[in-house]
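Trainee: I would like a close look at a single part of this protein, the open sheet, together with whatever packs around it. Please take it slowly and keep the pieces connected.

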Amino acid sequence: MAQAMAARAGTVTRSAAKDGVAKDAPANDAAAKDSLVEDPSVKHAAVDIVKEEAAEPEDGDRQFVTALARGLQVLRAFRDAAEMLGNREIASRTGLPKPTVSRLTHTLLSLGYLVHDSEGERYGLGPAVLALSSAFLRQNSFPQMVKPFLQDLATAVQAHVALGLLDGLSSVYVQLWRGQGQRIVLSSEVGYRLPLARSAMGMATLSSLDETERAALMLRLRRDGADGARLDETYRRCADEIATHGFCVGIGIWHQDINAVAAPIQAPGGRGQFALNISGPAFLLTEEVLRTDTGPRLMETIGRMRALGIVD
């Protein structure tokens with residue numbers, strides 16, 4: 001998964017204005033799915049970069065290097081490995097002043113973290129980013145260890161199965177599996193970021209934190225614009241479901257046409273906050289299907305991996 005930091009990010013579109021699912025289904029299913037199509041021209045329309053990584057320390061930390069934090073914000077602004085952005089677009093996505101962005105892109109270009117287009121006016125991710133993601137994967141074999149189990153699960157449920165890792169105010173997909181023979185495919189890819197406050201995976205991730213860590217993260221989510229009352233209500237419901245069943249269900253939390261089920265998962269040694277989710281079109285993964293079939297299958301798979309010592 002060398003593209004973890006420079007991966008193609010997918011979105012879900014409805015018609016030509018929202019992100020949705022790619023479709024390859026028989027004609028007799030067309031009427032039920034004609035509003036759920038992938039439109040590459042607007043593929044990123046519904047995705048907005050969350051300005052979640054503050055460029056200033058919240059606690060006056062003297063060791064915090066603001067310039068470095070801002071440089072990383074610039075790299076996070078890229079949603080797609082092939083995307084090219086100008087300084088104005090980067091400034092808009094990061095909230096940084098344009099003169100600051102100009103200096104940062106010049107520096108990152110010199111170091112190989114960005115490349116120029118042929119006109120020299122727009123930037124894309126460079127090979128140095130790929131080197132960083134490759135180093136991460138060499139040090140963390142967990143995604144490869146769970147791969148055969150989660151591929152089998154994806155085929156069994158005929159839906160997307162994703163392994164996400166907590167990163168800032170998001171869970172980032174570090175691995176993604178699709179069912180063999182799966183006919184309806186969401187356009188999300190490795191490297192895609194799900195907001196913690198608005199996804200079943202995010203709720204599962206929050207439930208895996210200790211009380212102090214969770215309180216601090218919930219405060220950051222509110223400061224970032226999350227509806228506090230809605231966030232608290234959604235988290236309480238999901239935490240109760242996880243305590244009872246091991247998984248939580250998300251009905252249109254992230255997108256009105258996408259349903260999901262998610263569960264926290266612990267890598268051996270406690271390295272990183274991981275969660276698993278299974279997601280798909282709402283007309284296929286109904287709440288009843290998620291609660292009575294998909295969720296139990298997810299827990300069965302986690303149980304098999306735990307029995308073998310693959311997960312804690």
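Mentor: What follows starts with the whole chain, goes on to the sheet and its helices, and ends with the aromatic rings and a buried helix.

The model is a predicted one, and it should be read with that in mind. The protein has ten helices and eleven strands, and of its 312 residues 48% count as buried. Among the contacts between residues at least 6 apart in sequence, 60% join residues at least 24 apart. The accessible surface of the protein comes to about 14800 Å², and carbon and sulfur atoms account for 51% of it.

The sheet itself is open and consists of six strands, which follow one another in the order β8-β6-β5-β11-β10-β9 with antiparallel pairing. Its edges are formed by β8 and β9, each of which pairs on one side only. From one strand to the next the twist averages 35 degrees.

At the β9 end of that order, strand β9, residues 248-255, pairs with β10 in the antiparallel sense over five bridges, and the two strands form a hairpin that leaves two residues between them. Within this pairing, Ile-251 stands opposite Asn-259 of β10. On its other pairing, β10 meets strand β11, residues 274-281, again in the antiparallel sense, over eight bridges. Here Asn-259 has Gly-280 of β11 as its bridge partner, while Ala-263 is matched in β11 by Leu-276. Asn-259 can thus be followed in both directions, to Ile-251 and to Gly-280. Strand β10, residues 258-265, is mostly covered, with seven of its eight residues buried.

Two helices pack on this sheet. Helix α10, residues 287-307, touches β9, β10 and β11, and its direction makes about 25 degrees with that of β10. Helix α9, residues 228-245, touches β9 and β10, and its direction makes about 150 degrees with that of β9. Both β9 and β10 are therefore touched by α9 as well as by α10, whereas β11 is listed among the strands that α10 touches.

The aromatic rings offer another way of following the sheet. The structure holds two aromatic pairs. In one of them, the rings of Tyr-173 and Tyr-192 have their centres 5.8 Å apart and their planes at 65 degrees, which makes the pair edge-to-face because the angle is over 60 degrees. Tyr-173 lies in strand β6, residues 170-177, and Tyr-192 in the loop between β7 (184-186) and β8 (193-195), so this pair ties together parts that are 19 residues apart in sequence. Both Tyr-173 and Tyr-192 are buried.

In the other pair, the rings of Tyr-192 and Trp-254 have their centres 5.9 Å apart and their planes at 75 degrees, so this pair too is edge-to-face. It links distant parts of the chain, since Tyr-192 is in the loop between β7 and β8 while Trp-254 is in strand β9, 62 residues apart. Tyr-192 counts as buried because its relative accessibility is 4%, whereas Trp-254, at 26%, counts as partly exposed. Tyr-173, Tyr-192 and Trp-254 form one aromatic cluster.

Helix α7, residues 200-207, adds a last element to the picture. Seven of its eight residues are buried, so the helix is largely enclosed by the rest of the structure. The buried residues are Ala-200, Met-201, Gly-202, Met-203, Ala-204, Thr-205 and Leu-206. Met-201, which has its place in this helix, counts as buried because its relative accessibility is 0%.

Leaving aside neighbours within four places in sequence, the contacts of Met-201 include Ala-162, Leu-163, Gly-164, Ser-171, Leu-194, Ala-262, Ala-275 and Asn-277. Two further contacts of Met-201 are with residues already met above, Tyr-173 and Leu-276. Of these, Tyr-173 belongs to the aromatic cluster, and Leu-276 is the bridge partner of Ala-263. The C-alpha atoms of Met-201 and Ala-260 are separated by 8.3 Å, although these residues are 59 apart along the chain.

Methods. Residues are numbered from 1 along each chain as its sequence is written. This is a predicted model: local features need pLDDT of at least 70, side-chain atom pairs count only at pLDDT 80 or more; totals for chains, interfaces and linings use all residues. Side-chain values use heavy atoms; hydrogens and water are left out. Helices (H or I, at least four residues) and strands (E, at least two) are DSSP runs, numbered from the N terminus. Buried means under 20% relative accessible area, exposed over 50%, partly exposed in between (1.4 Å probe, protein chains only). Contact means heavy atoms within 4.5 Å. Accessible areas come from the Shrake-Rupley method with a 1.4 Å probe; for residues, only the protein chains shown count as cover. Two strands pair if DSSP finds at least two bridges between them. Rings of Phe, Tyr and Trp (its six-membered ring) pair if their centres lie within 6.5 Å; planes under 30 degrees apart count as stacked, over 60 as edge-to-face and the rest as tilted. Axes are lines fitted to C-alpha atoms, for helices over the stretch in contact, and angles run from 0 to 180 degrees between N-to-C directions.
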